[in-house]
Amino acid sequence: MKTSQRALPPGLLTGGAVCFTVFAWASAFVSIRSAGAAYSPGALALGRLLAASLTLVTLLLLRREGLPPRGARRGILLSGLVWFAGYTVALNWGERLVDAGTASLLVNTGPILMALLAARLLGEALPPRLLTGMAVSFAGAVVVGLSMSSGGDGSTSLLGVALCLLAAVAYATGVVAQKPALSSGTPLQITTFSCLTGAVACLPFTGQLVAEVPRAPLPATLNMVYLGVVPTALAFTTWTYALARMPAGKLGATTYAVPAIVVALSWILLGEVPAWLTLLGGLLCLTGVAVSRYRPRTAGRRGALLVPGTGRAG
């Protein structure tokens with residue numbers, strides 16, 4: 001097993017973790033569309049987090065990783081309350097009040113906030129290439145959001161806009177809080193106990209979940225379970241693995257690929273043929289991610305020599 005692990009470069013493992021996370025989070029938007037029609041925002045959040053917690057605790061026991069160190073617990077608590085619980089409930093609620101395009105546009109302010117918070121609180125650099133890539137990707141997110149916005153009746157819920165912006169702030173805050181915790185605990189420990197914290201915070205919605213499960217169609221319930229197992233339990237674990245090896249701002253920029261993948265998945269799975277403007281926006285999102293991730297080869301080698309183990313080179 002050790003030889004197989006050595007055969008895989010750290011940069012390849014980190015890149016694979018990022019790709020899996022982005023694809024899993026993109027698939028969540030398709031599943032939420034089904035589950036959200038049958039479950040209220042709080043009940044859907046609780047059901048998702050319970051399914052995720054069961055999966056993560058099982059993995060934690062199998063790997064015998066135990067409790068997280070004391071130094072990681074503050075980040076776990078804040079991440080669990082703000083990101084796992086707050087973000088999930090706010091986004092579920094917001095998407096009931098605004099269309100998917102507007103919601104995706106508002107939530108995509110999260111990576112920008114993340115980079116700014118990481119620079120202010122964690123001392124991470126904001127290189128011009130990262131800022132340029134984020135600007136291109138955000139422009140693409142704007143195009144996707146505008147092209148997917150219904151706007152049929154000309155009404156936009158101010159509460160829905162506020163909830164989506166709150167979700168973006170919770171997302172950015174949770175990631176920045178999680179980053180220092182990863183210097184003490186493992187990605188699986190941080191993800192598991194953050195998820196458990198979020199599930200406990202959502203327990204007031206237990207009555208709603210119990211009342212809605214018998215009435216919900218089976219596909220909606222299966223989508224809720226899928227949201228817990230794949231986009232939450234597995235994808236959050238791969239996210240924390242990558243976050244332990246990359247600057248938070250740079251990793252956050254990769255999530256701008258999510259709108260482009262959502263467009264592709266909706267096309268393939270739901271038969272929703274995107275307009276040319278949507279395709280253009282998706283292409284801009286991917287281009288911006290490529291720009292933010294690009295690094296000259298010589299600089300990458302020098303970074304690997306000077307900062308071993310930090311992941312800045314991979």
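In this predicted model, the buried residues of helix 9 pack against four other helices, namely helix 3, helix 4 (73-97), helix 8 (158-181) and helix 11 (218-243). Helix 9 itself covers residues 187-201, and its 15 residues reach 21 Å from the first C-alpha to the last, close to the 21 Å expected at 1.5 Å a residue. Twelve of these 15 residues are buried, so helix 9 is largely enclosed by the rest of the structure. The buried set begins with Pro187, Leu188, Gln189, Ile190, Thr191 and Thr192, and it also includes Phe193, Ser194, Cys195, Thr197, Gly198 and Ala199.

A view from the side of helix 3 adds detail to this packing. Ser53 is found in helix 3, which spans residues 41-63, and with a relative accessibility of 5% Ser53 counts as buried. When residues up to four places away in sequence are set aside, Ser53 touches Cys195, Leu196 and Ala199. Of these partners, Cys195 and Ala199 are listed among the buried residues of helix 9.

The chain as a whole contains 15 helices and zero strands. Of its 314 residues, 49% count as buried, while the area that the chain exposes comes to about 14800 Å², of which carbon and sulfur atoms supply 70%. Among contacts between residues at least 6 apart in sequence, 90% join residues at least 24 apart.

The largest nonpolar core has 68 residues, and the members that touch the most other members are Tyr39, Trp83, Tyr87, Tyr171, Val175 and Trp239. One of these, Tyr87, touches Val82, Val107, Ala167, Ala170 and Tyr171 when residues up to four places away in sequence are not counted. Tyr171 thus appears both as a contact of Tyr87 and as one of the core residues with the most contacts to other members.

Val175, another of these core residues, also takes part in contacts with the end of helix 11. Leu243 has its place in helix 11 and is buried, with a relative accessible area of 0%. Although Leu243 and Val175 are 68 residues apart in sequence, their C-alpha atoms are 8.5 Å apart in space. Apart from neighbours within four places in sequence, Leu243 is in contact with Val175, Gln178, Lys179, Leu182, Ala248 and Leu251. The residue that follows in number, Ala244, is found in the loop between helix 11 and helix 12 (248-254), and with a relative accessible area of 27% Ala244 is partly exposed. Ala244 is separated from Lys179 by 65 residues in sequence, yet the two lie 6.8 Å apart from C-alpha to C-alpha; Lys179 is also one of the residues in contact with Leu243.

A further pair of residues separated in sequence involves helix 2 (residues 10-35), in which Cys19 lies. Cys19 counts as partly exposed at 45% relative accessibility, and its C-alpha is 9.5 Å from that of Ala257, a residue 238 places away in sequence.

On the surface, Phe20, Leu59, Leu62 and Leu234 form a nonpolar patch, and together these residues have about 340 Å² of accessible area. Leu234 has its place in helix 11 and is partly exposed, with a relative accessible area of 32%. That value can be set beside the 0% of Leu243, which has its place in helix 11 as well.

Side chains of opposite charge can pair when their charged atoms come close. In this model the count comes to one salt bridge, which Glu65 forms with Arg63, the closest N and O atoms being 2.8 Å apart. Arg63 counts as exposed at 58% relative accessibility, a value that lies over the 50% limit for that class. Between the two partners in numbering stands Arg64, whose place is in the loop between helix 3 and helix 4 and which is exposed, with a relative accessible area of 78%. Most residues other than glycine have a negative phi. The phi of Arg64, by contrast, is near 55 degrees, a positive value in a residue other than glycine.

Terms used. Residues numbered from 1 in each chain as written. Predicted model: local features only at pLDDT ≥ 70, side-chain atom pairs only at ≥ 80, totals over all residues. Heavy atoms only, no water. Helix = DSSP H or I, 4+ residues; strand = E, 2+ residues; numbered from the N terminus. Buried < 20%, exposed > 50% of the residue type's maximum accessible area, 1.4 Å probe, protein only. Contact = heavy atoms within 4.5 Å. Areas by Shrake-Rupley, 256 points an atom, 1.4 Å probe, with all protein chains shown as cover. Salt bridge = Lys/Arg side-chain N within 4 Å of Asp/Glu carboxyl O. Core = buried A, V, L, I, M, F, W, Y, C linked by side-chain atoms within 4.5 Å. Expected span 1.5 Å × (residues − 1). Patch = residues over 30% accessible without salt bridge, like charges linked within 9 Å, V, L, I, M, F, W, Y side chains within 5 Å.
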